[in-house]
Amino acid sequence: MQIVDLRGKLPVHKTKKYNIRKASDIRSLAIHHSLTLSGSAQAFATYHVNTNGWPGIAYTYVIDKNGTINQCLDHTTIGYHVGNSNKHALGICMVGDFRTQIPTESQYKSVLELVRWLQYQLPNATNVLGHSQYPGYSWKACPVISMDKLRLNVVKGDDVDMTEAERKEIDSLKQLVSAQANTIRLFEKQVAQIDPPKWFVSEFGSEFIKKKMSNPQMTLEGWRSVAIALRASK
Ligand SMILES: [Zn+2]
């Protein structure tokens with residue numbers, strides 16, 4: 001996962017400053033869409049500062065349509081994005097208007113990776129919520145995508161590359177499974193009903209088998225037992 005560091009490179013308010021928190025104050029990751037068909041961290045920062053009069057960009061991270069993750073604020077900077085919950089929430093915004101669009105594949109993959117990475121960095125950030133799931137925002141069409149699915153995909157983690165240790169573990173499990181499959185095949189061979197083996201035919205003759213046996217099929221073990229019994233009775 002690659003993060004482009006835009007901290008200190010985006011427009012900020014001349015006098016106003018965002019408040020600061022401890023990283024351990026962050027209890028949730030807030031997912032937003034930009035509500036614009038296109039856009040960028042630069043464009044949002046300009047709008048938030050010049051039009052809204054905020055100290056800086058609202059979001060800590062902005063994810064472009066091509067999947068690029070831009071860090072815009074320190075984790076300890078309290079951006080304005082979920083009202084009264086700001087102090088305990090870290091804002092992640094995907095560029096797009098998901099009322100009419102859906103996240104691109106790269107964007108969705110990036111948001112999952114970012115959420116996993118942040119939850120690892122910020123152990124108290126146990127919740128991953130859509131903007132509209134914060135108190136006072138149920139009216140807000142943000143981020144419109146299914147948060148249940150997103151949370152499930154975060155946990156499933158099947159789009160994450162394995163570490164070398166995990167890959168080795170998987171390889172040795174595969175070897176174990178294929179060794180067991182061979183054992184099962186051997187076992188199936190042993191219990192299979194087979195025609196008289198060559199050594200039985202040559203010892204007792206095919207005529208004998210035809211005359212004395214109504215159903216000349218049994219397991220290899222069965223043929224051995226019959227052979228021993230026949231030899232004993234000779
Ligand atoms: Zn939002």
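In this predicted model, Leu 122 is in contact with Ala 23, Ile 26 and His 75 once its neighbours within four places in sequence are left aside. Leu 122 lies in the loop between helix H2 and strand E6, and the residue counts as partly exposed because 18 other C-beta atoms are found within 10 Å, a number that falls short of the 20 needed for a buried residue and exceeds the 12 at which a residue would still be called exposed. The C-alpha atom of Leu 122 is separated by 68 Å from that of Trp 223, a residue that stands 101 residues apart from Leu 122 along the chain.

The two elements on either side of this loop belong to an arrangement built around a sheet. The sheet is open and consists of 6 strands in the order E1-E4-E3-E5-E2-E6, with mixed pairing. Its edges are formed by strand E1 (3-5) and strand E6 (127-130), each of which pairs on one side only. On average, and with direction ignored, neighbouring strands of the sheet are turned by 25° against each other. In general, the strands of a sheet pair through backbone hydrogen bonds, in either a parallel or an antiparallel manner.

Strand E2 (residues 28-33) has E5 and E6 as its neighbours in the strand order. With strand E5 (residues 89-94), which runs parallel to E2, the connection is made by 6 bridges, and among the paired residues are Ser 28, which stands opposite Ala 89, and His 32, whose bridge partner in E5 is Cys 93. With E6, which also runs parallel to E2, the connection is made by 4 bridges, and here Ser 28 stands opposite Asn 127. Strand E2 is mostly covered, in that 5 of its 6 residues are buried. Helix H2 (residues 105-121) lies across E2, strand E3 (61-63), strand E4 (69-71), E5 and E6, and the helix runs at about 165° to E5.

Several of these elements also contribute to the largest nonpolar core, which has 33 residues. Two or more residues of this core are given by each of E2, helix H1 (41-51), E3, E5, H2 and E6, and the largest share, 5 residues, comes from E5. The residues with the most contacts inside the core are Ala 30, Ile 57, Tyr 59, Val 62, Cys 72 and Ile 92. One of them, Ile 57, is in contact with Leu 10, Ala 41, Phe 44, Ala 45, His 48, Cys 72, Leu 73 and Gly 79, when its neighbours within four places in sequence are left aside. In soluble globular proteins, nonpolar side chains tend to be buried together.

The protein is divided into domain 1 (3-156) and domain 2 (165-233), and the C-alpha centres of these two domains lie 65 Å apart. Helix H3 (residues 147-156) lies largely in the open, because the number of buried residues among its 10 is 1. This helix is followed by Gly 157, whose phi is positive, near 65°.

Ser 202 has its place in helix H5 (residues 198-204). With 10 other C-beta atoms within 10 Å, Ser 202 is exposed, since a residue with 12 or fewer such atoms is placed in that class. The C-alpha atoms of Ser 202 and Val 12, which are 190 residues apart along the chain, are separated by 96 Å.

Note on methods: Residues are numbered from 1 along each chain as its sequence is written. This is a predicted model: local features need pLDDT of at least 70, side-chain atom pairs count only at pLDDT 80 or more; totals for chains, interfaces and linings use all residues. Two strands pair if DSSP finds at least two bridges between them. Axes are lines fitted to C-alpha atoms, for helices over the stretch in contact, and angles run from 0 to 180 degrees between N-to-C directions. Two residues are in contact if their C-beta atoms, placed from the backbone, lie within 7 Å. Domain bounds come from an automatic or database domain assignment. A nonpolar core is a set of buried Ala, Val, Leu, Ile, Met, Phe, Trp, Tyr and Cys residues joined through C-beta atoms within 7 Å.
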